[in-house]
Structure formats: structure tokens, C-alpha cells
Amino acid sequence: MIWRKEDLLNPELSNMYQATEKKPLEIYMFVDPLCPECWALEPLIKKLQIEYGKYFSIRHILSGRLATLNMGRKKKYDSIAELWEKTASRTGMSCDGNLWFENPVSSPYLASIAVKSAELQGRRKGIQFLRKLQEVLFLEKQNVSNFDVLKSCARSIGLDIEEFITDIHSETAAKAFQCDLKITAEMDVQEIPTLVFFNSNVEDEGIKITGYYPYEVYVQILEEMLAVKPEACTPPPLEAFLKHYKTVASKEVAVVYNMTIQQAEKELKKLLLKQKVELLPAKYGMFWRYNEV
């Protein structure tokens with residue numbers, strides 16, 4: 001489907017979404033912190049950024065699709081838990097549906113506002129906070145609408161806590177989230193995750209792709225948008241990868257390094273023996289956390 005980036009934002013809101021990096025392409029990635037399919041897309045996004053990141057920047061747009069859940073209905077919990085379990089078993093990115101019976105998220109809206117609050121301290125911090133939020137939600141079964149949990153996430157990625165607390169109650173964070181919702185509506189994003197690829201010319205058409213596709217599809221879109229065949233960068237040494245991302249799944253390592261899960265875990269266990277990483281318990285698959293010296 002075709003869209004033009006110049007149609008997305010009015011002048012009042014556009015200053016929030018000016019790119020900080022001048023790259024040939026920009027990808028709008030529509031996500032929701034509570035969406036297991038967005039979580040499952042993480043391995044492919046990491047691979048795309050590592051191999052072709054010099055050609056594009058990513059802008060996360062919070063869709064708010066899960067913020068309107070009727071959180072008081074057990075039937076709704078049942079359906080969400082079932083979706084989480086199916087997604088985890090299919091993709092290898094663990095998410096434990098028991099959260100919805102043991103420690104359900106009471107305010108998805110607050111989780112999204114927290115992400116926008118973190119983003120006010122820099123786009124990179126916003127991305128790190130979103131990832132940390134997903135980890136404590138899907139792996140640790142924590143209620144990410146609990147203010148103490150949000151502060152813990154902020155502290156773990158090095159945010160200024162006082163500023164984060166101020167921003168989470170501010171009109172600025174609320175306005176930033178409303179801007180995301182406006183973009184979501186204007187682009188008629190009905191499902192998440194959705195990626196929209198734009199080039200640097202705002203008058204040119206973008207390409208929208210919804211859902212989860214093989215990696216080669218995303219590379220093909222990059223080639224079409226760039227009009228040249230992009231050169232793939234070689235992934236860094238595994239320990240450097242872990243040091244950068246802190247916590248990763250076996251599935252993420254396997255995808256990035258073109259390994260089987262068994263091959264990835266064999267390499268990760270070598271680092272475990274050297275005490276470079278620690279193994280994290282998960283309902284599906286394995287996760288690994290880098291040990292900072």
C-alpha cells in the first residue's frame with residue numbers, strides 16, 4: 001500500500017518527528033508494548049539493523065491498539081493469554097500468557113505513555129526502554145502499568161529518574177502519544193506490527209507492509225526503495241552483540257548469525273562457561289544476559 005510521508009503530520013506535531021540521522025531511508029515501525037507479534041519481530045529487526053542499518057533509521061510509532069482493552073473481562077484475558085502462548089511456541093520469542101491470570105496489566109495506556117516519556121530523553125533511550133519493558137512483561141510477567149516497575153525499567157537503562165517521573169505526568173508525553181495515534185489513524189494501520197518504508201524525499205511514495213514476513217521480503221523492499229543493491233554488513237563478534245543488546249534470545253542470535261537454535265545455544269554456552277553471560281529462565285526457548293565486568 002502507498003503513502004506519502006508529507007501527508008502524515010501537521011506542522012504543529014511534525015517537530016516531534018524530525019529525523020536525527022540523515023540516511024537514505026526511514027522506517028516507521030508501528031508497535032504496541034503489549035503485542036506479542038511485535039516482540040516476535042525483534043530478531044528480524046536486529047538482523048536488518050545490523051546488516052543494512054547504514055541505509056535506514058527506524059522510528060517507533062505506538063499504535064495504541066491494545067490501550068482500549070476492556071481489562072475487566074476474564075474472557076478477554078483468556079484470549080490474550082492464548083495468543084501469547086501460540087505466538088511464543090511458533091516464534092521462539094517467549095511470552096508467558098499466565099501473566100493475565102497472575103499479574104494482569106491494568107493500564108496499557110500508562111505503559112505507552114512511559115515509552116514516550118523515555119523517548120523525551122532521546123530516541124535511543126526510548127527504544128531501549130521499550131525493549132526493557134517487553135522483557136519484564138513477556139519474560140518476568142511483571143505488570144508494566146505498575147509505577148514502580150516503570151521506574152525500575154527506567155533506572156536499568158540509565159534514564160534520569162526525576163525527569164522520567166516528571167515527564168510521565170506531563171502534557172508533552174501525552175501529546176507525543178496522541179501524535180503517534182494520529183499517525184496510526186491517518187495511515188489506516190489496522191494491525192500490528194506494521195512497517196512503512198520511506199525514502200528521503202517526502203513527496204515520494206512509501207511502502208507499507210503489515211505482519212510478520214520472511215527476512216528476504218524486508219531486504220527486497222530496501223532494494224526497491226534504494227534502487228541499488230545494498231551491501232550487507234557482517235555481524236559483530238557474538239560477545240560484542242551481547243554486550244550491546246544486554247539481553248537476547250537464542251532465537252535472536254540464531255537469526256542474526258544464520259544459525260540453527262542448537263548452534264546458537266552451543267556458542268552461547270561457551271560464553272556461559274566463561275561467565276560472560278547468564279542464562280535466564282523462560283517458558284519458551286532460552287534468553288541470555290550479558291554480564292558487565
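Is helix 6 mostly covered or mostly open, and how many of its 12 residues are buried? Keep that in mind for the second view; this is a predicted model, and the legends below walk through it piece by piece.

**View 1. The whole chain, to get your bearings.** The protein chain holds 14 helices and 8 strands. It has 293 residues, and buried ones make up 51% of them. Take the contacts between residues at least 6 apart in sequence: 71% of these join residues at least 24 apart. So when you follow the chain with your eye, expect plenty of meetings between pieces that are at least 24 residues apart in sequence.**View 2. Helix 6 and what covers it.** Back to the opening question: helix 6 is mostly covered, with 9 of its 12 residues buried. The buried ones are P108, A111, S112, I113, A114, V115, K116, S117 and A118. Several elements do the covering, including strand 3 (56-62), helix 7, helix 8 (147-156), helix 9 (161-168) and helix 10. The length of helix 6 (residues 108-119) checks out too: at 1.5 Å a residue its 12 residues should span 16 Å, and its end C-alpha atoms are 17 Å apart, which agrees.

**View 3. The largest nonpolar core.** This core has 75 residues. If you want landmarks, look for F30, L48, W100, F129, F164 and F197, the ones with the most contacts inside it. Helix 11 (residues 215-226) gives the most to this core, putting in 7 residues. At least three core residues come from each of domain 1 (23-225) and domain 2 (238-290). Apart from this core lies another one, of 15 residues, with V248, A254, V256 and Y257 among them.

**View 4. Zooming in on F164.** What does F164 touch, once its neighbours within four places in sequence are left aside? The list runs A114, S117, A118, Q121, F129, L150, K151, A154 and L159. Some of these names have come up before: A114, S117 and A118 are among the buried residues of helix 6, and F129 is one of the core landmarks.

**View 5. K132 and the residues it meets.** K132 lies in helix 7. Is this lysine buried or exposed? K132 is buried, with a relative accessible area of 18%, because the cut-off for buried is under 20%. Not counting residues up to four places away in sequence, K132 touches C153, S156 and I157.

**View 6. Two cysteines and no disulfide.** A disulfide is a covalent bond between the sulfur atoms of two cysteines. How many disulfides does a search of the whole structure find? The search comes back with 0. For two cysteines to look at, try C153 and C233. C153 is buried, at a relative accessible area of 2%, whereas C233 counts as partly exposed at 31%.

**View 7. A buried salt bridge in helix 7.** E135 and R131 form a salt bridge, with their closest N and O atoms 2.9 Å apart. Why are these two about one helical turn from each other? They sit 4 residues apart in helix 7 (residues 123-138). Both E135 and R131 are buried.

**View 8. A salt bridge in helix 14, and a wider network.** Here K270 pairs with E267 in a salt bridge, the closest N and O atoms being 3.2 Å apart. The two are 3 residues apart in helix 14 (residues 261-273), so about one helical turn separates them. K270 counts as partly exposed at 41% relative accessibility, and E267 counts as partly exposed at 28%. Elsewhere, salt bridges that share partners join E42, K46, R131, K132, E135 and E252 into one network. The structure holds 23 salt bridges.

**View 9. The E223 and K229 pair.** One more salt bridge links E223 with K229, and the closest N and O atoms are 3.3 Å apart. E223 is partly exposed, with a relative accessible area of 27%. K229 is exposed at 67%, because the exposed class begins over 50%.

**View 10. Q178 and S63, apart along the chain.** Q178 has its place in helix 10 (residues 171-186). At 45% relative accessibility, Q178 counts as partly exposed. Along the chain, Q178 and S63 are 115 residues apart. What separates their C-alpha atoms in space? The answer is 9.6 Å.

Definitions and conventions. Residues are numbered from 1 along each chain as its sequence is written. This is a predicted model: local features need pLDDT of at least 70, side-chain atom pairs count only at pLDDT 80 or more; totals for chains, interfaces and linings use all residues. Side-chain values use heavy atoms; hydrogens and water are left out. A disulfide is a pair of cysteine sulfur atoms within 2.5 Å. Buried means under 20% relative accessible area, exposed over 50%, partly exposed in between (1.4 Å probe, protein chains only). A nonpolar core is a set of buried Ala, Val, Leu, Ile, Met, Phe, Trp, Tyr and Cys residues joined through side-chain atoms within 4.5 Å. Domain bounds come from an automatic or database domain assignment. Contact means heavy atoms within 4.5 Å. A salt bridge is a side-chain nitrogen of Lys or Arg within 4 Å of a carboxyl oxygen of Asp or Glu. The expected span of a helix is 1.5 Å times one less than its number of residues.
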